[in-house]
Amino acid sequence: MSDTTPETPDAPSTTVRVGAVDCGTNSIRLLVADIDRGTRAVTDVLRRMEIVRLGHGVDRTGVIAPESMQRTLRVAAEYAASCRELGAERVRFVATSASRDARNAGEFVEGVRRAFAEHWGADVTPEVVSGDEEASLSFTGATGDLVSGGVPGPYLVVDLGGGSTEFVRGTDAVEAARSVDVGCVRMTERHLVSDPPTPDEIAAATRDVDAAIDAAAAEVGFDGIRALVGLAGSVTTITAHRLRLPTYEPERIHLARGGVDETLAACADLLAMTRERRAALPYMHPGRVDVIGAGALVWSRIVTRLRDRAGIGEVITSEHDILDGIALSQV
């Protein structure tokens, strides 16, 4: 009789490595992460962000400009190569506002598909998601750490992008959501063209923003909100400015809490600055210099409305957002 024990097959891995790409109006971001199938915990392998301005001029022309298309597809190919090198088993590519609005979005979709086929080894067709789907992914990505940290809901998660802003209400799951067409790139191109913006430009932008917030409030409902959570580059940069960080420090920004008055003061400061002064800030990404004023205006109007409507006294900033939601959606 043999005294050896037959080998047993290895147990299935409890984690899966995925790639997630969020291509918005202003930036394109990559997350390669290991996700625990049981706990749904996300462990970062790589996070990367590039400002590509895919949506530059789309509000005016209705099409993605050739140079914007070229920039974005070049970075998409780099992201595909990273997914291959890091062993991502699955990849999901989500495209948002600019790709919904542009008449030539099909050309962009085909370009991304070819880039991943060549550099990752399999087709990845970008999903031009609806505003509601974008909102749901953002909520999923943003709220995990809030729940584990004991922050009570209902939450209002606000994803302030380049072309659109998503408002999502919920606690354990999404209860209501609304996407509106105001964002830092769209408002800059439409209204805030001077350096710094003039009072008339600010007033015109404020009218557009307030009308959009009215529409979101009517559908989502701001009454009873216990935590206002801001996502994406405009909000995280405003938080860095409020904290006066010596450089951009995601670990200090994530889940940072700020009083309403301090947040509004930081927004007003950024809106009033010249682009030269913004560029000199140590935490300012060069690609946000010309649009952060509009982002600050949008965020200030949202914060003010939640203070007045729901009695919110502080704002929470999250570095986890739609990108984390895209990753989690694959498990």
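Threonine 143 sits in helix α5, which covers residues 131-148. Keep in mind that this is a predicted model. Is threonine 143 buried or exposed? Its relative accessible area is 7%, and anything under 20% counts as buried, so threonine 143 is buried. If you skip its neighbours within four places in sequence, threonine 143 is in contact with Tyr155 and Val157.

**The largest nonpolar core**

- The largest nonpolar core has 49 residues, and the members that touch the most others are Leu156, Phe167, Leu228 and Trp299.
- Which helices and strands feed into this core with at least two residues each? They are the strands β6 (155-160) and β8 (174-180), plus the helices α6 (184-190), α7 (199-220), α8 (232-243), α10 (260-272) and α12 (292-310).
- Helix α12 gives the largest share, with nine residues.
- Now zoom in on phenylalanine 167: leaving out neighbours within four places in sequence, its contacts include Leu156, Val157 and Val158.
- Phenylalanine 167 also touches Ala176, Ala177, Arg178 and Val180, along with Ile213, Ala216, Val220, Phe222 and Ile302.

**A second core**

- Apart from the largest core there's another one, made of 25 residues.
- Met69, Val91, Val112 and Trp120 are among the members of this other core.

**Helix α8**

- Helix α8 is 12 residues long, and the span from its first C-alpha to its last is 17 Å, close to the 16 Å expected at 1.5 Å a residue.
- How many of the 12 residues of α8 are buried? The count is 11, so α8 is largely enclosed by the rest of the structure.
- The buried residues of α8 include nonpolar ones such as Ala232, Val235, Ile238 and Ala240, but Thr236, Thr237, His241 and Arg242 are on the buried list too.
- Just after α8 comes arginine 244, which takes a positive phi of about 55 degrees.

**How α2 and α4 pack**

- Two packed helices are described by the angle between their axes and the distance between the axes.
- For helix α2 (residues 66-85) and helix α4 (residues 105-119), the axes come within 8 Å and cross at roughly 30 degrees.
- Angles under 35 degrees count as roughly parallel, so that's what we call α2 and α4.
- The crossing of α2 past α4 is right-handed.
- On the α2 side, the contact is made by Met69, Thr72, Leu73, Ala76, Ala77, Ala80, Ala81 and Arg84.
- On the α4 side, Glu107, Phe108, Gly111, Val112, Ala115, Phe116 and His119 do the job.

Notes
Residues numbered from 1 in each chain as written. Predicted model: local features only at pLDDT ≥ 70, side-chain atom pairs only at ≥ 80, totals over all residues. Heavy atoms only, no water. Core = buried A, V, L, I, M, F, W, Y, C linked by side-chain atoms within 4.5 Å. Buried < 20%, exposed > 50% of the residue type's maximum accessible area, 1.4 Å probe, protein only. Helix = DSSP H or I, 4+ residues; strand = E, 2+ residues; numbered from the N terminus. Contact = heavy atoms within 4.5 Å. Expected span 1.5 Å × (residues − 1). Axes fitted to C-alpha atoms, helices over the stretch in contact; angles between N-to-C directions. Parallel < 35°, antiparallel > 145°, perpendicular 65-115°, else oblique. Left-handed = near helix turned anticlockwise from the far one by under 90°.
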